[in-house]
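Subject: Structure for you to look at

Hi,

Here is the structure I promised to pass on. Please open it beside this email, and my notes follow underneath.

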Amino acid sequence: MNEQILNGILMMTAAMIGTLGVAFTFGVEKRSIGWVMLASFLCCVTYDTAMALGGGLFVASILGSSVTTLYSYVMARVIKTPVTVMIIPGIIILVPGGKLYYTMLGAVSSDMEMFAKHGKEALLVASGLALGIIAVTAISRPINAMLNRILRDNKNKT
Amino acid sequence: MENNVTLEPVTEPETESEGVPAAISSEDAVFIAMEMGKRILTCGGEVHRAEETIRRICTAYGAHTVDVDAILSMIILTADFGNGDLTSFRRVSDVGGNNLGRLAKLNALSRRICATKPIKEEFLALLDEAEKSSSISVIMKLLGAALISFGFAWYFGGSLLDGALSALIAIPMWLVLKLLSRSNMNAIVAKFIVCFMGGVGALLIGRTGIVCNVNMIIIGDIMNVVPGVVLTNSLRDLFGGDIMSGLFRLCTALLDAVAIACGYAVAILIFGGAV
């Protein structure tokens with residue numbers, strides 16, 4: 001059990017280092033880096049917990065990306081920064097780079113089993129990732145519009 | 001109704017209209033809005049954000065009606081400031097940039113423009129300041145690339161050594177990619193060349209006898225070039241109703257993915273296998 005926890009912490013550290021790299025490469029402002037790291041942490045925890053509970057790749061990806069996107073929309077309003085700044089580094093750990101590589105390796109080495117297994121998994125993760133973003137984006141626009149209207153009305157009253 | 005078509009740059013301000021603050025002409029207001037929209041698209045913002053920014057800026061400067069349509073490669077705006085329709089068009093090139101810091105700065109600047117309504121010269125100075133303060137240094141980009149490769153090679157199951165070797169390859173890969181894009185090389189071909197180089201580098205390291213996992217080294221480097229930003233933005237554009245821009249970005253992401261896969265595949269085929 002202890003070994004599992006230690007392994008989880010190490011994986012989390014690796015994911016955080018990768019996310020920090022993305023934040024540096026894309027020039028994320030210093031004031032937002034902490035929030036971006038938190039987005040990635042949430043994504044990692046949600047995805048790993050869903051996987052550990054037997055949710056499967058597809059469900060875990062949907063949950064991971066939707067929780068991160070929701071967090072990004074809320075934080076973007078709070079710290080007044082574009083949502084893109086939070087989402088992109090936040091969900092990078094879900095991008096199925098490894099699975100795409102093994103799919104390609106399977107195709108190149110004529111290992112159809114490897115090709116089919118990893119290709120299927122890459123598709124599941126990518127579509128789960130997309131669905132999570134889409135679901136939250138779809139509901140966030142009307143909510144954002146409603147919030148803007150309420151804020152404007154309050155401002156006019158005062 | 002008078003149709004006034006302006007092409008960039010708008011140089012000669014016309015007589016002031018009733019809805020616009022005294023210090024600024026409607027042409028200048030349109031110029032400011034269009035410059036902001038164009039820059040948002042070039043640093044990785046969504047089409048919806050660019051359109052919304054243009055709409056808000058024009059309204060802040062007193063436009064009665066604003067019709068704006070943007071796709072990734074162009075923006076068309078028609079605004080009425082009380083003296084008839086004013087139409088402007090911008091061709092947007094270089095939309096592949098990913099400067100999220102600049103996007104945040106431009107977002108803050110657009111709020112400031114709406115609040116303070118600066119004149120054209122003030123706006124240009126503010127824009128220059130925002131762009132200068134958000135440029136990313138080469139050292140930062142190299143450090144970022146190395147951290148991405150190190151972190152993700154480790155995260156996807158490699159050892160610390162695999163991560164370090166992956167980071168070592170990521171640096172020349174990034175430099176060559178930069179060099180190729182500066183020499184106007186086709187972006188897809190450039191990615192193919194860089195990935196081929198990365199593949200050869202990782203496979204050569206594997207052949208030296210160092211105890212490492214070549215697959216993990218390659219995966220770490222792939223995370224550096226994988227079109228994550230484009231893919232995410234394409235989905236957000238598609239489901240936000242900007243079908244054209246979403247498809248444009250989706251195609252770019254798919255072509256990038258094919259170029260990356262082909263680059264590594266050719267390297268693996270030449271070496272006769274990954275391990």
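Below are my notes, going from confidence to each chain and then to the contact between the chains.

Please keep in mind that this is a predicted model. The predictor gives the complex an ipTM of 0.88 and a pTM of 0.84. For chain A the average pLDDT is 89, with 99% of the residues scoring at least 70. Chain B has a mean pLDDT of 85, and 90% of its residues reach 70 or more. The stretch to treat with care is residues 1–19 of chain B, where pLDDT stays under 50. The model still has 37 contacts beyond four places in sequence for residues 1–19 of chain B. Where pLDDT is low, the predicted coordinates should not be read in detail.

Chain A

Chain A has six helices and zero strands, so to speak an α-α-α-α-α-α run from the N terminus on. Its C-alpha atoms fill a box of roughly 70 × 35 × 30 Å along the principal axes. Among the elements of chain A, α3(A) has the highest mean pLDDT, 93, and α6(A) the lowest, 86.

Those two helices also pack against each other. Helix α3 (residues 56–78) of chain A meets α6(A) at an angle of about 35°, and their axes are 7 Å apart. The crossing of α3(A) and α6(A) is right-handed. On the α3(A) side, the residues making the contact include Leu57(A), Phe58(A), Ser61(A), Gly64(A) and Tyr73(A). From α6(A), the contributors include Leu124(A), Gly128(A), Gly132(A), Val136(A) and Ser140(A). By class, the residues of this contact divide into 12 nonpolar, nine polar and one charged.

Chain B

The domain assignment of chain B gives domain 1 (4–133) and domain 2 (138–271). The centres of these two domains, taken over C-alpha atoms, are separated by 35 Å. Eight residues of domain 1 of chain B are in contact with 11 residues of domain 2 of chain B. On the domain 1 side, the touching residues are three nonpolar, four polar and one charged.

Chain B also holds two successive hairpins, which share β3(B). Strand β2 (residues 65–71) of chain B runs antiparallel to strand β3 (residues 74–80) of chain B, joined by seven bridges. In this pairing Thr65(B) stands opposite Asp80(B), and the hairpin of β2(B) and β3(B) has two residues between the strands. On its other pairing, β3(B) is joined by seven bridges to strand β4 (residues 85–91) of chain B, again antiparallel. Here Ile76(B) has Phe89(B) in β4(B) as its bridge partner. Four residues lie between β3(B) and β4(B), and Gly82(B) in that turn has a positive phi of about 110°.

Where the chains meet

How many residues of chain A are in contact with chain B? There are 38 of them, facing 49 residues of chain B. The elements giving two or more residues to the chain A side are α1 (2–25), α4 (83–91), α5 (97–108) and α6 (112–157) of chain A. The largest share, 10 residues, comes from α1(A). By class, the side of chain A that touches chain B has 26 nonpolar, 11 polar and one charged residues.

Happy to go through any of this with you.

Best wishes

Methods: Residues numbered from 1 in each chain as written. Chains lettered and ligands numbered in written order. Predicted model: local features only at pLDDT ≥ 70, side-chain atom pairs only at ≥ 80, totals over all residues. Contact = placed C-beta atoms within 7 Å. Nonpolar A, V, L, I, M, F, W, Y, C, P; charged D, E, K, R; others polar. Domains from an automatic or database assignment. Pairing = 2+ DSSP bridges. Axes fitted to C-alpha atoms, helices over the stretch in contact; angles between N-to-C directions. Left-handed = near helix turned anticlockwise from the far one by under 90°. pLDDT = per-residue confidence, 0-100.
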